Amino acid sequence: MSDFAFTEHALSGWMRSEGKDSDIVISSRVRIARNLRALPFPLVASGEQAEEVQRLVVEAAERASDQLGPLHPIELDELNETDRQVLVEKHLVSPTLANESQEAAVVLSDDESLSIMVNEEDHIRIQCLYPGFQVKSAWERATEVDDVLEEHIDYAFDDRRGYLTSCPTNVGTGLRASVMIHLPALVMTHQLGRILNAVSQVGLTVRGIYGEGSEAQGNLFQVSNQITLGQSEREIVDNLEGIVAQIIEYERQARNRLVGESKIRLYDRVMRSYGILTHAAIMDGKEAAQRLSDVRLGVDLGWIDKLPLTLLNELTILTQPHFLQKTFGATMSASEKDMYRAQLIRDKLVKGME
């Protein structure tokens, strides 16, 4: 049985609080890939086999509710296209699961911090999301969920290679840890390219906010591990945390330098963006992301009072194309979306300052 309430609100429960270093790190995520031993992996499974996987995983999740809290299964074929894409925009399912998978499903916790994707590239993708810089906490929660599910499901595992996955890059631990990080000062000071090049040399990768193949907008970047084989889960998490901590420090230094050397120009940029967002009649997605980034920086620097970061997190999702369509209840042209996006931002920002 599906619960459509998860597509009604942009702000997930886990997003309502702020974690460590939340002025720079938006969220921490850990994703664990697993497959069932007795059934073909999704890329080669028949419809009947995929249906069996869905049944087994959903039943296991339902039995695990006593240990993990209330869990809600959603069969994606029961949702219309807009609702499926809203789940993508909220980072609750991947584009692959929403667009391509047969017998696709997702199991969500009440606060949406836990998402168990079924029949994506692998049979199971356990995802845990936490606010701010909390990679270890997300990993510990994902590990707990993994252990509980394994009590009811026989995983595909090899003594030498570890957990077996559809893509060789996930073999071993099957673990991907990532942070969503806001780096406006490093972009403005043209230091980001050098830092990202260095990051790639130590087994990490940087993508846009919706993962592989997505564009980085609003100075938001997703930093994650590339290697899952030959390292323990703890080593993967510790390595990511150590590198991200350095990136956070570089961003803080760049912000301090901008304030020290060109404060009036930076202040002008922030307040121009705030003024445009609160008065514009038309706003495309790319401009909205950039100007929301400027305002977020202004809030972090203490130049804009009474505007909570949680509201900016909410606007980042509310202004996505399918969520706009969901909010205003109509199929819209690109120009109409730009108009409604501007209206929504104006209303939310004005109300948020009251």
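Buried here means under 20% relative accessible area. The model shown in these views is predicted.

**View 1. Strand β10 is enclosed by the rest of the structure.**
Strand β10 covers residues 220-225. Six of its six residues are buried, so the strand is largely enclosed. Leu220, Gln222 and Ser224 point one way from β10. Phe221, Val223 and Asn225 point the other way. Residues on both sides are buried. One of them, Val223, has a relative accessible area of 1%. Because that value falls under the 20% cut-off, Val223 counts as buried.

**View 2. Strand β10 pairs with β8 and with β9.**
Strand β8 spans residues 175-182 and is joined to β10 by five bridges. These two strands run antiparallel. Two facing positions can be picked out. Met180 stands opposite Gln222 in β10. His182 has Leu220 of β10 as its bridge partner. Strand β9, residues 204-207, is joined to β10 by four bridges. This pairing is antiparallel too. Here Thr205 stands opposite Ser224 in β10.

**View 3. Strand β8 is covered on both faces.**
Eight of the eight residues of β8 are buried, so the rest of the structure largely encloses this strand. Leu175, Ala177, Val179 and Ile181 lie on one side. Arg176, Ser178, Met180 and His182 lie on the other. Strand β1, residues 25-34, pairs with β8 over seven bridges. The sense of that pairing is antiparallel. Val30 stands opposite Ala177 in β8. Ala177 can also be related to Val223, which is found in strand β10. Val223 and Ala177 are 46 residues apart in sequence. In space, their C-alpha atoms are 8.4 Å apart.

**View 4. Eight strands form an open sheet.**
The strand order is β2-β3-β4-β5-β1-β8-β10-β9, with antiparallel pairing. β2 (71-75) and β9 stand at the edges. Each edge strand has a single partner, so one of its sides is left without a neighbour in the sheet. Neighbouring strands are turned by 20° against each other on average, direction ignored.

**View 5. Tyr155, Phe157 and Tyr163 are linked into a cluster.**
The structure holds four aromatic pairs. In one of them, Tyr155 and Tyr163 meet edge-to-face. Their ring centres are 6.0 Å apart, and the angle between the planes is 80°. The pair counts as edge-to-face because the cut-off for that class is over 60 degrees. Ring pairs link these two tyrosines with Phe157. Tyr155 is buried, with a relative accessible area of 2%. Tyr163 also counts as buried, at 16% relative accessibility. Arg34 lies over the face of Tyr163. The distance from Arg34 to the ring centre is 3.5 Å.

**View 6. Helix α7 bends at Ser262.**
Helix α7 covers residues 233-277. A straight helix of 45 residues would span 66 Å at 1.5 Å a residue. Between its end C-alpha atoms, α7 spans only 42 Å. The helix bends by about 110° at Ser262.

Definitions and conventions:
Residues are numbered from 1 along each chain as its sequence is written. This is a predicted model: local features need pLDDT of at least 70, side-chain atom pairs count only at pLDDT 80 or more; totals for chains, interfaces and linings use all residues. Side-chain values use heavy atoms; hydrogens and water are left out. Rings of Phe, Tyr and Trp (its six-membered ring) pair if their centres lie within 6.5 Å; planes under 30 degrees apart count as stacked, over 60 as edge-to-face and the rest as tilted. Buried means under 20% relative accessible area, exposed over 50%, partly exposed in between (1.4 Å probe, protein chains only). A charge sits over a ring if NZ of Lys or CZ of Arg is within 6 Å of the ring centre and within 35 degrees of the ring normal. Two strands pair if DSSP finds at least two bridges between them. The expected span of a helix is 1.5 Å times one less than its number of residues. The bend at a residue is the angle between axes fitted to the seven residues ending there and the seven starting there. Axes are lines fitted to C-alpha atoms, for helices over the stretch in contact, and angles run from 0 to 180 degrees between N-to-C directions.
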